[in-house]
Amino acid sequence: MADPRVAVFPGSFDPLTSGHEDIVRRALAIADRVVVAVAHAPTQSKKGMFGVEERVEMIRETFAGEPRVEAAEFQGLLVDYLPRVGATVVVRGVRTVADWEYELQMAMMNRRLAPAVETVFLAPAPEHAFVSGTLVRQVAALGGDVSPFVPAPVLRRIRAAMASPGANRP
Ligand code: PNS
């Protein structure tokens, strides 16, 4: 039997949104296993809401019923992490044309660094096209209802974070 095809879906996932969830479920159609990999802060420019471990836990909870999805964290270069989980495919979601420039740059850089790695771009369902972790953080911090934009385990954590004094807000 051929080796299982493992795809890594990397990102900051702060937090995982319904758009990310949609991309993961689509990725299962082209990969046997999908590793949703949270990048550590030094590679991220954006200010965070949740710590890396909490982001991983929320991903784990969201896909608790899907044995082909696992949640992980990684430090350093994505292309160095891929062989550790036996992956040769990177999955990224592209929502809008604005996403495309950044995504193509990253895909080309990753290809120069690791020529055997292919990046696959998946389009989310249109209702997720405007949803991003950044906007979810903003709306939540300002008291808006983010329930349509995040999976239930993420919503629970956001509500808890907002209810606790001194919460890490954007
Ligand atoms: O969700 P994001 O913030 O758009 O994800 C960006 C991410 C984590 C995929 C990117 O920053 C990344 O791959 N970081 C790991 C470090 C690395 O390999 N950088 C070079 C990529 S071209």
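A salt bridge here is a side-chain nitrogen of Lys or Arg within 4 Å of a carboxyl oxygen of Asp or Glu. By that cut-off, the side chains of Glu54 and Arg157 meet in a salt bridge, at 3.6 Å from N to O. Glu54 sits in helix α2 and Arg157 in helix α6 (residues 152–163), so this pair ties together parts that are 103 residues apart in sequence. The model is a predicted one.

**Salt bridges**

In total, the structure holds 12 salt bridges. Three of them are tabulated here, including the pair above.

| Salt bridge | N to O distance |
|---|---|
| Glu21 and Arg25 | 2.9 Å |
| Arg111 and Glu118 | 3.2 Å |
| Glu54 and Arg157 | 3.6 Å |

How does burial fall across these side chains? Glu54 is partly exposed because its relative accessible area is 30%. Arg157 has 18% relative accessibility, so Arg157 counts as buried. The Arg111 and Glu118 bridge has partly exposed residues at its two ends: Arg111 is at 44% relative accessibility, and Glu118 has a relative accessible area of 40%.

The Glu54 bridge also belongs to a network. Salt bridges that share partners join Glu54, Glu57, Glu61 and Arg157.

Glu21 and Arg25 form a bridge within one helix. Both lie in helix α1 (residues 18–27). They are four residues apart, about one turn of the helix. Glu21 is at 19% relative accessibility, under the 20% limit, so Glu21 counts as buried. Arg25 is at 39%, so Arg25 is partly exposed.

**Thr62 and its surroundings**

Which residues does Thr62 touch, leaving out those up to four places away in sequence? They are Leu16, Glu21, Arg25, Pro151, Pro153 and Val154. Glu21 and Arg25 in that list are the salt-bridge partners of helix α1. Val154 falls within the residue range of helix α6, 152–163.

Thr62 itself is in helix α2, which spans residues 52–62. Is Thr62 buried or exposed? Its relative accessibility is 13%, so Thr62 counts as buried. The Thr62 side chain also has a polar partner: it reaches the backbone oxygen of Met58 at 2.7 Å.

**Aromatic pairs**

The structure holds four aromatic pairs. One of them joins Phe9 and Phe13 edge-to-face, with 5.0 Å centre to centre and 85 degrees between the planes. Phe9 is at 3% relative accessibility, so Phe9 counts as buried. Phe13 is buried too, with a relative accessible area of 2%.

A further pair is Phe74 and Tyr81. Their ring centres are 5.1 Å apart and their planes meet at 25 degrees, so this pair is stacked. The cut-off behind that label is under 30 degrees for stacked and over 60 for edge-to-face. Both Phe74 and Tyr81 are buried.

**A nonpolar patch on the surface**

What forms the nonpolar patch on the surface? Leu77, Met109 and Leu113 do, with about 290 Å² of accessible area together. Met109 is found in helix α4, residues 97–113. Arg111, a partner in the bridge to Glu118, also falls in that residue range.

Methods
Residues are numbered from 1 along each chain as its sequence is written. This is a predicted model: local features need pLDDT of at least 70, side-chain atom pairs count only at pLDDT 80 or more; totals for chains, interfaces and linings use all residues. Side-chain values use heavy atoms; hydrogens and water are left out. Helices (H or I, at least four residues) and strands (E, at least two) are DSSP runs, numbered from the N terminus. Buried means under 20% relative accessible area, exposed over 50%, partly exposed in between (1.4 Å probe, protein chains only). A polar contact is a pair of N or O atoms within 3.5 Å; within protein, one must be able to donate a hydrogen and the other to accept it, and residues adjacent in sequence count only if both atoms are side-chain atoms. Contact means heavy atoms within 4.5 Å. Rings of Phe, Tyr and Trp (its six-membered ring) pair if their centres lie within 6.5 Å; planes under 30 degrees apart count as stacked, over 60 as edge-to-face and the rest as tilted. Patches are made of residues with over 30% relative accessible area and no salt bridge: like charges are joined within 9 Å, nonpolar side chains (Val, Leu, Ile, Met, Phe, Trp, Tyr) within 5 Å. Accessible areas come from the Shrake-Rupley method with a 1.4 Å probe; for residues, only the protein chains shown count as cover.
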